[in-house]
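Thanks for coming, everyone. Let me put the model up, and then I'll walk you through it.

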Amino acid sequence: MRVSRLMLITLRDVPAEADIISHQLLIKGGFIRRLTGGIYAYMPLLWKVLKKITLIVEKELDSKGCLQSLLPQLQPSDIWEKSGRWKSYTEGEGIMFSLKDRQGKELGLGPTHEEVITQIISETIHSYKQLPINIFQIQTKFRDEIRPRFGLMRSREFIMKDGYSFHANESDLELTYSDMKDAYEKIFTKCGLDFVGVDADSGAIGGAASQEFMVTAASGEDLILKSSDGKYGANQEKAVSIIEEAKLLDIDKSYTIDTPDQKTIEDLCNCNNFHPSQIVKVLIYIATTEDNEKQPIIISIRGDQEVNEIKLSNQISNQLNKTILEIRPVSNEDIKEQGITNMPLGFIGPDISDNVLTKTKSWEKKFIRLADKSIKSIKSFIGGSNIKDKHKVFINFESINISPLICDIRKAKAGDRCVHDINQTLDECRGIEIGHIFQLGTKYSKSLNATFTNPSGTEEPFWMGCYGIGISRLAQAAVEQNHDDLGIIWPVSIAPFEVIIIIANIKNTSQKNLAEAIYNDLLKNGIDALLDDRDERAGLKFKDADLIGIPWRIVAGREANIGVVELHNRRTKQTLSMDQKSVLTKLSEEFNSKNP
RNA sequence: CGGGGCGUGGCGCAGCUUGGUAGCGCGGGUGCUUUGGGAGCACUAGGUCGCAGGUUCGAAUCCUGUCGCCCCGACCA
């Protein structure tokens, strides 16, 4: 390709909308153009990157025996209603774009394809003899994100590889799951990324084991906790840890303390000389379920700890056996709206009675009562008294006449000790999620009634796994991890071009002829070369080449008349002078050793 | 959904307080000069000031509404 025909539009000033470096560089280098919020055009340069990533993915998956297909993006609501996801995906924080056709039939624009593939497999596969099947597609997905941002990182239309596997039993699913983990590690390594695999929450998709692949980057949206020995890593949404011992109180009689205006743990400690671990923090949440019930929840947790709302939501969902559309702390406005008179936020005790709910307008009349494991080890503690401006000393949890369900709803954090080795502590770093693998089990096959006949002749639901890679996000994550002051430094394997040849002065015929000759040499040898044949000053061409991040640069310049060019490495910044033949030899060696 | 900010030529911005001829830099075009790190000079094209209403002799500027975009939050009492 010649730059004169490449539609290369680089910008000197970056539009104000971009605020992370990778987003800025992609716009500045002319890789993407925004059409509207969270919706981008992939320009020719980026499309080449995406195709290279795609090829790496396809090659690895093919070697694992995966099948490729292309599934419909427009999907009927009925299969989503069967799986129980239509409401939660279209209402509340719903992420699915939905529409009606002219007959009034409801359709959704696919954010993911479990329903479609399960439906199709159930219609086509009937016997254990046809299993396992592992099928994937690479195509555009649509998600109506609450807040699209960071360019391709969180956009409303994006390219994703999603794969689904079907098995006759759980152990076969586990085999494929670890096969996919292996494939993913190879894929991300080949793409030249620094990444880490971590335990993850399965979220709305549901299921048993799940692992995320994170590209480490300061701008990442996810917080990762990992042990220094590398044996444990998890998304904070999922992470578990061991907390410091509480500073035990030793009081054997209960009494009330005046705590005027001391609504926070911090206030309480400062004014009364308590340690946060001696306080039991009581939080009231309201959960909205799929059938629009408003369920109040009361949570007790040690005062120095925080609630993990993901764990909380999962716990409630399991307990009610319903999908949770929303879960949030109760506000003073809620209390007014519901007509509650005796719920003084900031002074609530774990023993607050269900009676406070009797007059609520739209809430359930009984709390779900939960307590985090962290309260187990404490004896006497400070807590709210359910009276404004007063707290109370409780002798122990058992003395209160309620028994909350004890579970893990605590947020693990950096500095906590590790579960697998008490001598290790958790460190935190940020990451960009670029891949996620799940063992779904039989959740979807059961709800969609997708079954096969097993060896003993009975029908049974398929065991399923699902496996995603954010292709367009991966491209931007690579930029976030590979750049310098001058621009992008693409890893060779996914660079839009492998080599750029710059003719310093297009009017100089010996420069032009030598560059053209080398260009043809490279193309003939299968090297993806770009020739900058524009009638521009050399300086501008250097700036552009650096900005768009081509790994190798050849310059036909001052010494072209004696057949010598410069070979420059974008990453190491090393420059060598050599003749036409040596350039070809050197680059052929480089690319052969990288792509055996 | 809540809070904040911004919409002025392709991009980055000024002008708005105090209403009166729409400006600057980059980018585009032409010419000359220049030619190894985003060149110089000259000329030139390009704008319903997001949109709709209102106030006024007169609105980019003031008022109302609306649309779009960006940022923060939606987290602990």
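I'll go through a few strands, and then the surface near the RNA. One caution up front: this is a predicted model.

Start with strand β29, residues 552-556. Is β29 buried or exposed? All 5 of its 5 residues are buried, so the strand is largely enclosed by the rest of the structure. Look at the side chains on both sides. W552, I554 and A556 point one way. R553 and V555 point the other way. Note that the arginine, R553, is buried along with the others.

Now the neighbours of β29. Strand β27, residues 499-503, pairs with β29 in the parallel sense, over 5 bridges. To find the register, take I503: its bridge partner in β29 is A556. Strand β30, residues 564-569, pairs with β29 too, but in the antiparallel sense, over 4 bridges. There, V555 has E566 of β30 as its bridge partner. As a reminder, strands of a sheet pair through backbone hydrogen bonds, either parallel or antiparallel.

Next, the RNA. How many residues surround RNA strand B? The count is 45, and the closest are G37, L345, G346, G539 and G557. Three elements give two or more residues each to this surface: β14 (280-289), β16 (324-329) and α13 (538-548). Of these, α13 gives the most, with 8 residues. By character, the surface near RNA strand B divides into 18 nonpolar, 9 polar and 18 charged residues.

On to a small piece of sheet. This one is open, with 3 strands in the order β4-β6-β5 and antiparallel pairing. β4 (74-76) and β5 (97-100) stand at the edges. Each has a single partner strand, so one side of each is left without a neighbour in the sheet. From one strand to the next, the twist averages 35°. β4 meets β6, residues 106-109, over 3 bridges. Within that pair, L74 has L109 as its bridge partner.

Last stop, strand β19, residues 390-394. Strand β13, residues 256-258, runs antiparallel to β19, and 3 bridges join the two. T256 is bridged to K392 there. β19 also pairs with β18, residues 381-387, again antiparallel, over 5 bridges. In that pairing, F381 has F394 as its bridge partner. β18 and β19 form a hairpin with 2 residues between them. Which residue in the turn has a positive phi? It is D389, at about 65°.

That's my tour. Over to you.

Notes. Residues are numbered from 1 along each chain as its sequence is written. Chains are lettered from A and ligands numbered from 1 in the order in which they are written. This is a predicted model: local features need pLDDT of at least 70, side-chain atom pairs count only at pLDDT 80 or more; totals for chains, interfaces and linings use all residues. A residue is buried if 20 or more other C-beta atoms lie within 10 Å of its own, exposed if 12 or fewer, and partly exposed in between; C-beta atoms are placed from the backbone. Two strands pair if DSSP finds at least two bridges between them. A residue is near a molecule or strand if its C-beta atom, placed from the backbone, lies within 6 Å of it. Ala, Val, Leu, Ile, Met, Phe, Trp, Tyr, Cys and Pro count as nonpolar, Asp, Glu, Lys and Arg as charged, and the others, Gly among them, as polar. Axes are lines fitted to C-alpha atoms, for helices over the stretch in contact, and angles run from 0 to 180 degrees between N-to-C directions.
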